[in-house]
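I opened the model today and kept notes as I went. The entries run from the whole chain down to single rings.

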Amino acid sequence: MKYDLDTLRGDFFGGLTSMVVALPVSLGFGIASGMGPAAGLYGAIAVGFFAAVFGGTRSQISGPTAPMAVAMAVVITTHADTLPEALTVVLLAGLLQVLLGLSRIGRFVAYTPHVVVSGFMSGIGIIVIILQIMPFLGADSASGGVIGALRALPDALGNANTSALTIAVVTLVVGFLWPRRLSRYAPGPLVALVTGTLLGVLWLHDAPVIGEIPTGLPGLAWEMPAAGFLVTALQPALILALLGSVDSLLTSLVADSLTGQRHNPDRELIGQGIGNMVAGLFGALPGAGATMGTVINIRSGGTTRASGALRALLVLAVVLGLGRFAEPIPLAALAGVLMKVGWDIMDRRLLVRIHRLRSQHLVVMLVTLVLTVSVDLITAVAIGLIAGGLAHARQLERLELDSVISVPLLDRTFFGEDSELGTTDRFSARVGMVALRGSFTVSSANKLVSVIGAEIGDHEVVIFDFSGTTYIDDSAAMMIEQLIEVASRSDTACVVMALPDPVARTLEALDVLRGVPADRIVETRDEARVVAQEYLLA
């Protein structure tokens with residue numbers, strides 16, 4: 001990829017804008033986790049830098065996220081008695097993420113249906129907007145997530161800070177109205193943030209601001225725990241690793257949808273793991289791919305790994321002494337910026353076509369969206385994937401059933417009029433053929449038995465034609481065994497024809513054909529005709 005001045009400018013603006021937005025978020029997540037505000041900033045540096053350099057998503061921003069902060073709070077209160085023990089869990093979680101990446105598991109996230117990603121994105125956007133209502137009105141952020149914010153809304157409306165509300169509205173309007181053609185030179189979120197900050201600094205002084213930001217570099221905080229603790233730490237470490245991995249890879253899908261690029265999921269897990277291992281060593285809050293920061297980075301012009309690395313270095317600069325320049329930023333200005341970001345995150349391209357979606361896809365998207373907002377990201381994606389898988393299986397069932405041909409073979413046609421069998425009743429069809437075309441999975445297995453099984457007993461011989469079969473899974477293989485058993489109970493002889501090697505290996509592994517004599521497993525239609533004729537004449 002050619003890296004020129006325009007690319008550098010985009011990466012710098014992307015990193016700068018996402019850094020400014022990340023400061024209060026990182027501080028808040030550090031406090032919420034129980035590790036302290038400084039841990040949030042250190043996490044933004046450690047995870048942000050190493051995940052950008054070693055990760056597999058070019059424009060992704062990584063750092064403390066809400067799911068990881070909540071999970072870390074559980075680790076501290078439930079699984080660890082001291083900070084070094086909690087950091088051991090973080091270190092192990094990072095190591096597990098690296099191992100997941102090396103085992104090439106990450107690529108399976110690419111099979112996430114778009115309606116699930118869309119529901120997740122729109123849900124995140126709604127969450128961002130709702131959570132910013134309180135600082136938008138000049139009130140303190142409410143605990144309890146979305147539900148807590150909605151419960152606190154009546155009091156906040158009745159005691160709104162006029163200065164904060166003015167700053168927030170102006171910031172939001174600037175964010176929406178800033179011309180896209182000028183974003184190349186100055187990204188809209190940054191312009192909106194500067195405008196809101198100037199209002200607070202020069203005129204509306206009573207609006208709440210970010211306030212004091214911790215400074216200074218951390219030292220090595222991890223200590224070797226007792227050997228027994230390493231065993232008990234594996235369970236929370238695995239949960240933390242899986243949570244961070246899913247969070248990061250879903251954010252990578254969001255980045256792909258915005259940039260048109262494709263991420264490397266296995267490399268992304270390795271990068272995230274390295275970042276969290278460093279976080280565990282230096283007392284930082286573990287993190288993952290941050291959807292909000294990633295979208296801000298992309299919308300502000302960030303296109304390469306340099307944007308994520310620059311963002312981490314800018315946070316480092318704040319920690320080393322530049323924090324005083326960010327302290328006067330009004331929280332209302334950040335709320336205005338984040339509300340615009342939440343609006344941008346929502347998948348409006350699909351939402352405006354929601355009335356055109358098939359009913360099963362609409363249900364999957366809405367379930368994912370509602371659970372993202374009302375429960376949590378991981379539950380929403382898990383349920384969404386299950387619902388999406390069921391909808392996909394329903395569609396596959398119809399396609400696979402349409403790929404099955406079950407027909408009677410007239411004796412005169414199949415054996416020939418010159419054959420002894422062909423000279424009998426002209427409508428006699430003692431042989432039937434079941435041709436399986438394409439691939440067959442659990443989706444259609446049960447239906448195939450009921451659809452085909454009733455026809456097998458109408459013949460003295462049934463030929464299973466696998467010449468057009470490309471793939472069968474274990475469920476479909478067991479379905480074939482049931483069909484063979486149906487034939488046996490009906491005193492119908494089975495002939496198996498033209499087994500491809502992959503299909504044969506599956507059937508042999510499960511010993512499906514044990515009820516079929518070896519001489520009735522043939523390669524060609526002519527051989528199947530000979531075997532059927534010998535059986536009928538016997």
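My entries on the overall fold come first, then those on one helix and on the rings.

**Entry: whole chain.** I am working with a predicted model. I looked up the secondary structure and found 22 helices and 9 strands in the protein chain. Next I took the box along the principal axes: the C-alpha atoms fill roughly 105 × 55 × 50 Å. I then checked the radius of gyration. The protein chain has 31 Å, whereas a compact globule of 538 residues would have a value near 24 Å.

**Entry: burial and contacts.** I asked what share of the 538 residues counts as buried. The figure is 52%. I also looked up the exposed area, which is about 24400 Å² for the protein chain. Carbon and sulfur atoms supply 62% of that area. For contacts with a separation of 6 or more, I noted that 82% join residues 24 or more positions apart.

**Entry: helix 2.** I picked out helix 2, residues 37-54. I tested its length. At 1.5 Å a residue, its 18 residues should span 26 Å. The end C-alpha atoms are 26 Å apart, so the model agrees with the expected span. I listed the buried residues of helix 2; among them are Leu 41, Tyr 42, Ile 45 and Val 47. The small residues Gly 40, Gly 43 and Gly 48 are buried too, as are Ala 51 and Ala 52.

**Entry: aromatic pairs.** How many aromatic pairs does the structure hold? I counted 5. One of them is Phe 50 with Phe 54, which is stacked. Their centres are 6.3 Å apart, with 5 degrees between the planes. The centre distance falls within the 6.5 Å limit for a pair, and the angle is under the 30 degrees that counts as stacked.

Why do I find these two on one side of the helix? An α-helix has 3.6 residues a turn, so residues three or four places apart point the same way. Phe 50 and Phe 54 are 4 residues apart in helix 2, about one helical turn. I checked their exposure as well. Phe 50 is partly exposed, at a relative accessible area of 23%. Phe 54 is also partly exposed, at 38%. I followed the ring pairs further and found that they link Phe 49, Phe 50 and Phe 54 into a cluster.

**Entry: charges over rings.** I looked for charged side chains over ring faces. Lys 340 lies over the face of Phe 176, at 5.3 Å from the ring centre. Arg 529 lies over the face of Phe 414, at 5.1 Å from the ring centre.

Terms used: Residues are numbered from 1 along each chain as its sequence is written. This is a predicted model: local features need pLDDT of at least 70, side-chain atom pairs count only at pLDDT 80 or more; totals for chains, interfaces and linings use all residues. Side-chain values use heavy atoms; hydrogens and water are left out. Rings of Phe, Tyr and Trp (its six-membered ring) pair if their centres lie within 6.5 Å; planes under 30 degrees apart count as stacked, over 60 as edge-to-face and the rest as tilted. Helices (H or I, at least four residues) and strands (E, at least two) are DSSP runs, numbered from the N terminus. Buried means under 20% relative accessible area, exposed over 50%, partly exposed in between (1.4 Å probe, protein chains only). A charge sits over a ring if NZ of Lys or CZ of Arg is within 6 Å of the ring centre and within 35 degrees of the ring normal. The expected span of a helix is 1.5 Å times one less than its number of residues. The radius of gyration is taken over C-alpha atoms; the globule rule is 2.2 Å times the number of residues to the power 0.38. Contact means heavy atoms within 4.5 Å. Accessible areas come from the Shrake-Rupley method with a 1.4 Å probe; for residues, only the protein chains shown count as cover.
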